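Subject: Structure for you, plus what turned up in it

Hi,

Here is the structure I promised to send over. Have a look at it first, and then read on for my notes.

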Amino acid sequence: MTITTHSQEETADVGRRLAPTLDRGSVLLLVGDLGAGKTALVRGLAEGLGIAPEEVSSPTFTLMQEYRGGRVPLIHVDLYRLNDAREIDELGLEELGLDSVLAIEWAEKLPRPIADAVEVRIEHGDGDERRLTLTPSGSSALPS
Ligand code: ADP
Ligand code: MG
């Protein structure tokens, strides 16, 4: 599914609308350049889960943040600063995410695919235009 947005707010809205479809153990893989709108989408996602969206800052410098107080906990990870596959592996994201919704920015850096995740790829268009492509990834994307 592809969605075109024209503002940060519209991108956040996609996250807001995704929220009811997600539950403990759900994984959202966010792929896109710096400034694509990955954090904006997570802000909307947080809001949709019942978490104050202003709590969501860019975790670029903190690597990982956990937000509670919503319908389910949200773990927000940003792999931007990590380049070592082993370092990323050692985060143990799959275990950490079992009891939460897990949203991962720069998910293309994951050394191994995470099964049953939803990938959101965000591409820049002209100006404030962004093209969001949502695809199930991991095992659910494989034909059975
Ligand atoms: P990322 O986390 O992908 O690096 P951010 O969400 O932090 O990106 O920032 C996106 C930037 O792009 C913000 O400054 C936002 O205002 C701007 N922007 C402009 N148009 C859009 C859009 N359609 N969707 C999301 N962000 C947009
Ligand atoms: Mg970001």
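To start with a small puzzle: where is the place of Asp116? Asp116 sits in the loop between β5 and β6. Before going further, please keep in mind that this is a predicted model.

That loop between β5 and β6 caught my eye for its backbone. Asp116 has a positive phi of about 55° although it is not a glycine. The loop between β5 and β6 also holds Trp106, another non-glycine residue with a positive phi, here about 60°. How buried or exposed are they? Trp106 counts as buried, because its relative accessibility is 12% and the cut-off for buried is under 20%. Asp116, with a relative accessible area of 48%, is partly exposed.

Next, the metal. The magnesium ion (ligand 2) has two protein donors, Thr39 through OG1 and Glu105 through OE, and they lie 2.1 to 2.2 Å from the ion. Thr39 belongs to helix α2 (residues 38-49) and Glu105 to strand β5 (residues 101-105), so this pair ties together parts that are 66 residues apart in sequence. Thr39 and Glu105 are both buried.

Glu105 has another partner. Its side chain makes a polar contact of 2.7 Å with the side chain of His76. His76 is in strand β4 (residues 74-78) and is buried, with a relative accessible area of 0%. The side chain of His76 also has a polar contact with that of Tyr67, at 3.4 Å.

Now for ligand 1. Which residues are closest to it? Of the 16 residues that surround ligand 1, the closest are Gln8, Thr11, Gly35, Lys38 and Asp128. Here are some of the individual distances:

- Gln8: an N or O atom in its side chain is 2.6 Å from an oxygen atom of ligand 1.
- Thr11: a polar side-chain atom lies 2.6 Å from a nitrogen atom of ligand 1.
- Gly35: a polar backbone atom is 2.8 Å from an oxygen atom of ligand 1.

On its own, ligand 1 exposes 570 Å², and the protein buries 77% of that. The elements giving two or more residues to the shell around ligand 1 are α1 (8-18) and α2, with α2 providing the largest share, 3 residues. Sorted by class, that shell has 8 polar, 5 charged and 3 nonpolar residues.

Finally, the interior. In soluble globular proteins, nonpolar side chains tend to be buried together. In this model, the largest nonpolar core has 24 residues, and those with the most contacts inside it are Leu45, Leu49, Leu74, Val120 and Leu132. Two or more residues of this core come from each of α1, β2 (27-31), α2, β5, β6 (117-124) and β7 (130-137). Which element gives the largest share of this core? That is α2, with 5 residues.

One more residue to look at in helix α2 is Leu41. Leu41 is buried, with a relative accessible area of 0%. Its C-alpha atom is separated by 9.5 Å from that of Val120, and the two residues are 79 apart along the chain.

If you only have a minute, I'd begin with helix α2: Thr39, a donor to the magnesium ion, lies in that helix, and α2 gives the largest share of both the shell around ligand 1 and the largest nonpolar core.

Cheers

Note on methods:
Residues numbered from 1 in each chain as written. Chains lettered and ligands numbered in written order. Predicted model: local features only at pLDDT ≥ 70, side-chain atom pairs only at ≥ 80, totals over all residues. Heavy atoms only, no water. Donors = N, O, S within 2.8 Å, 3.2 Å for Na, K, Ca; no water. Helix = DSSP H or I, 4+ residues; strand = E, 2+ residues; numbered from the N terminus. Buried < 20%, exposed > 50% of the residue type's maximum accessible area, 1.4 Å probe, protein only. Near = heavy atom within 4 Å. Polar contact = N/O pair within 3.5 Å; in protein donor to acceptor, adjacent residues only side chain to side chain. Areas by Shrake-Rupley, 256 points an atom, 1.4 Å probe, with all protein chains shown as cover. Nonpolar A, V, L, I, M, F, W, Y, C, P; charged D, E, K, R; others polar. Core = buried A, V, L, I, M, F, W, Y, C linked by side-chain atoms within 4.5 Å.
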